[in-house]
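Here is a set of short exercises with worked solutions. Have the structure open beside you, try each task, and then read through the steps.

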Amino acid sequence: MLEIRDLRVAVDGKDILIGLDLHVAPGEVHAIMGPNGSGKSTLAHVLAGREGYEVTGGEILFEGHSLLDLEPEERACAGVFLAFQYPVEIPGVNNTYFLKAAVNAIRRHRGQSELDAMDFLTLVREKLGVLHLDESLLRRGVNVGFSGGEKKRNEIFQLALMEPKLAILDETDSGLDIDALKDVAHGVNALRSPERSTILVTHYQRLLDHIVPDRVHVLSGGRIAVSGGSELARELESRGYDWVREEAAAGA
Amino acid sequence: MSNASTAAGRYADAFDARAPALPGHRLAWLRDMRRGAIDAFSRSGFPTPRHEHWKYTNVAPIEKRAFELEAPSSRITPAGGPGAHVPKGCASPCLVFVDGRVDHDLSDVRALPSGVRIEDFTHVVEHDSGFLEDRLGRIVPAERTAFTALNAAFMDAGAVVRVAPNTDAGAPVHLVFVCGSPECERAYHPRIVIAAGAGARVAVVEHFVGYDDAVYLDNVVTEVEVAEGAAVEHYKVQRASTTAYHVAALQAKLAAGASFHSWAVSLGARLARHDIDVTLDHEHARCSLDGLYVANGRQHVDFHTNVEHVAPQCESREYYKGIAGGRGRGVFNGRVHVHPHAQKTEAHQTNRNLLLSRNAEIDTKPQLEIHADDVKCSHGATIGQLDEQMLFYLRTRGIPESTARGMLTYGFARDVVERINRPDLRETIGTAVLAHLPGGDGLREILE
Ligand SMILES: Nc1ncnc2c1ncn2[C@@H]1O[C@H](COP(=O)(O)OP(=O)(O)OP(=O)(O)O)[C@@H](O)[C@H]1O
Ligand SMILES: [Mg+2]
């Protein structure tokens, strides 16, 4: 599904990733943890195609094709989805209109017919229920005035509507109350299938109690410093990151 | 004999030739008014960028052209006929002017509520000149600018809207001007008079549309009289051909407790200049001025608004937004003048602008002159660009870049459109705005 080889990324001339390798097979869930500022969001943004991140080396293959040559919207159509750590507010653009435009852009790309207002509403109602999102949020500007938790739910709501092949969740769990966390986990798990993969960027074990990862990686020092099974997350929770840094330093 | 080599001389000669055929030539007061106006114009000539009010807007292209001042005898109608140019949603009552004359087939002013009169300006000149004698030039003096002088000299079409005291005119009155003759380069001088009696309510919409590629000048003057406790809404939708010139002066005079809402959008024309003036010289009068200007390609649009707070306890609010793309140029000058006796004035002004390209330019100048001490006044002006983070967010959802830009651009303009109080007008005007925004086509559903 996703093959990242020796990825090097600089921002404003500062090296953030210095040789990151990551392989995510279809159907797998990978968790990426790591200290603040280690480059987790940088990786997520580079995957989604954000300008301003300079890829100075390496490659990213998605289903065998280079992602780096694609525009952000082309990546979305190819099946890459990023749930943002900080979803942006877009005043003046109605949430329903935006969601419909997004869903239909993807459908057009897949050669499916566009949904009309009625069909779209049916789809929306079905997915809204899962995430316990209030329908009134649909009538507002995109994320405008949404609470922190509502913004995160709205990201997962979009994930549910767009049904991507690869979902990247950047700290979607941060700032969520317990019920919201369950709803988000439920939304992600509902999409799990042998064809779909997920990358969870998180700081906390508690999300991983609900979405059990196949692999856990620690991003530190600009590369994946340690990888392991789901038990690694619990170890990090009790021991912190210092030992990872030390091991990485010793290994290098 | 004038000097025909100068623009002023050309217009003076044209006036001498045309005067006997102008409406109301037999009325001494009107003859005198026109004569005084053309003399004033001859003395001033067209303004140059040396005039403070025309600093950013050079009207030399208008001065250079030798516009015809009357309708050609034959009339060739472009494809689809003028009816095709009447904006959708212009329901009854409406008065449609095609190439400077009322088109009775396209107009519909039959089923009006009692107390409401909507008439062709020339008809009122012929049959009810007393009404006009008391009003013409009283709110917009002929010599106010070179353009208002030309309008006063040549005005030969337009509309008079009268609403009797305590009457609600109901549905908005549409005045549609389909301009531009395919045969020659014409100048049009429509005059619009709106008079709302005490406690009356009325909404008037001025639409200006033009044939593709037609070169012409709209030079419009609108005088609005709002009597005690009356409420007037005035909407202006400027969609002239992008090869045309549009100059308009609107002025409203408010009695005690009266209210005036001006909502204006400037979308068309190669060069457009809008002067909007409101005089609050009686207590408890209120006005709100909302507007949107869009300049694309090589378009130039200039709004000069001016609110005179003469009496105490009046209120004015102003909300303008501008969008410039391509090599477009926008100018906003918002003057608020609080006179020494105008205590307890409340005046707020906001102007926000969006630049869509590197070669676009917008000049904004809030101009607050406050000579009273017990007042609440504020103003804010900004110039920005589309937000890269918003753009990225939309694109990560599969929305193509050009569509995403269009969505954000309309998103910027949206709250101005939402200040249109009437849902059906909001829809009609919103559609027009969308059609003129870069990337706006294909975003039809954004209006819902
Ligand atoms: N535009 C930028 N200009 C300069 N530095 C940047 C920029 N964007 C990111 N960085 C730096 O890159 C580093 C990695 O940031 P990133 O947001 O990827 O970290 P993160 O691992 O997601 O952290 P967190 O856990 O706090 O979300 C940080 O040191 C950050 O300051
Ligand atoms: Mg981060």
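The centres of domain 1 of chain B and domain 2 of chain B, taken over C-alpha atoms, are 31 Å apart. Before you start, note that this is a predicted model, in which local features need pLDDT of at least 70, side-chain atom pairs count only at pLDDT 80 or more, and totals for chains, interfaces and linings use all residues. Residues are numbered from 1 along each chain as its sequence is written, while chains are lettered from A and ligands numbered from 1 in the order in which they are written.

**Exercise 1. Describe how the two domains of chain B meet.**

Step 1. Find the bounds: domain 1 covers 7-280 and domain 2 covers 386-448 of chain B, and such bounds come from an automatic or database domain assignment.

Step 2. Look at the contact, where 13 residues come from domain 1 of chain B and twelve residues from domain 2 of chain B. Two residues are in contact if their C-beta atoms, placed from the backbone, lie within 7 Å.

Step 3. Ask which strands take part on the domain 1 side: β8 (201-210), β10 (231-239) and β12 (259-266) of chain B each supply at least two residues. Strands here are DSSP runs of E with at least two residues, helices are runs of H or I with at least four, and both are numbered from the N terminus. The largest share, four residues, belongs to β10(B).

Step 4. Sort this side of domain 1 by class, and you get nine nonpolar, one polar and three charged residues. Ala, Val, Leu, Ile, Met, Phe, Trp, Tyr, Cys and Pro count as nonpolar, Asp, Glu, Lys and Arg as charged, and the others, Gly among them, as polar.

**Exercise 2. Explain where the largest nonpolar core lies.**

Step 1. Start from its members: the core has 222 residues, and those with the most contacts inside it include A:L47, A:F81 and B:V433. A nonpolar core is a set of buried Ala, Val, Leu, Ile, Met, Phe, Trp, Tyr and Cys residues joined through C-beta atoms within 7 Å. A residue is buried if 20 or more other C-beta atoms, placed from the backbone, lie within 10 Å of its own, exposed if 12 or fewer, and partly exposed in between.

Step 2. Place the core: it lies between domain 1 and domain 2 of chain B, because both give residues to it.

Step 3. Zoom in on A:F81, which, leaving aside neighbours within four places in sequence, is in contact with A:A76, A:L159, A:M162, A:P164, A:L166, A:A167 and A:I168.

**Exercise 3. Follow helix α1 of chain A and the ligand beside it.**

Step 1. Is α1(A) enclosed or open? Eight of its nine residues are buried, so α1(A) is largely enclosed by the rest of the structure. Among the buried ones are A:K40, A:T42 and A:L47.

Step 2. Go just past the helix, where A:G49 takes a positive phi of about 100°.

Step 3. Turn to ligand 1, surrounded by 13 residues, of which A:N36, A:G37, A:K40, A:S41 and A:T42 are the closest. A residue counts as near the ligand if its C-beta atom, placed from the backbone, lies within 6 Å of it.

Step 4. Find the main contributor: α1(A) gives the most to this shell, with three residues. The shell holds two nonpolar, eight polar and three charged residues.

**Exercise 4. Trace the sheet of chain B to its edge.**

Step 1. Read the order: ten strands form an open, mixed sheet, β2-β1-β5-β8-β10-β12-β14-β16-β18-β20. Two strands pair if DSSP finds at least two bridges between them.

Step 2. Pick out the edges, β2 (101-102) and β20 (376-385), each of which pairs on one side only.

Step 3. Check the pairing of β20(B): ten bridges join it to β18(B) (residues 346-355), and the two run parallel. Within this pair, B:T350 stands opposite B:G380, and B:L355 has B:Q385 as its bridge partner.

Step 4. Judge how covered the edge is: none of the ten residues of β20(B) is buried. One residue of this strand is B:K376, which is exposed because 10 other C-beta atoms lie within 10 Å.
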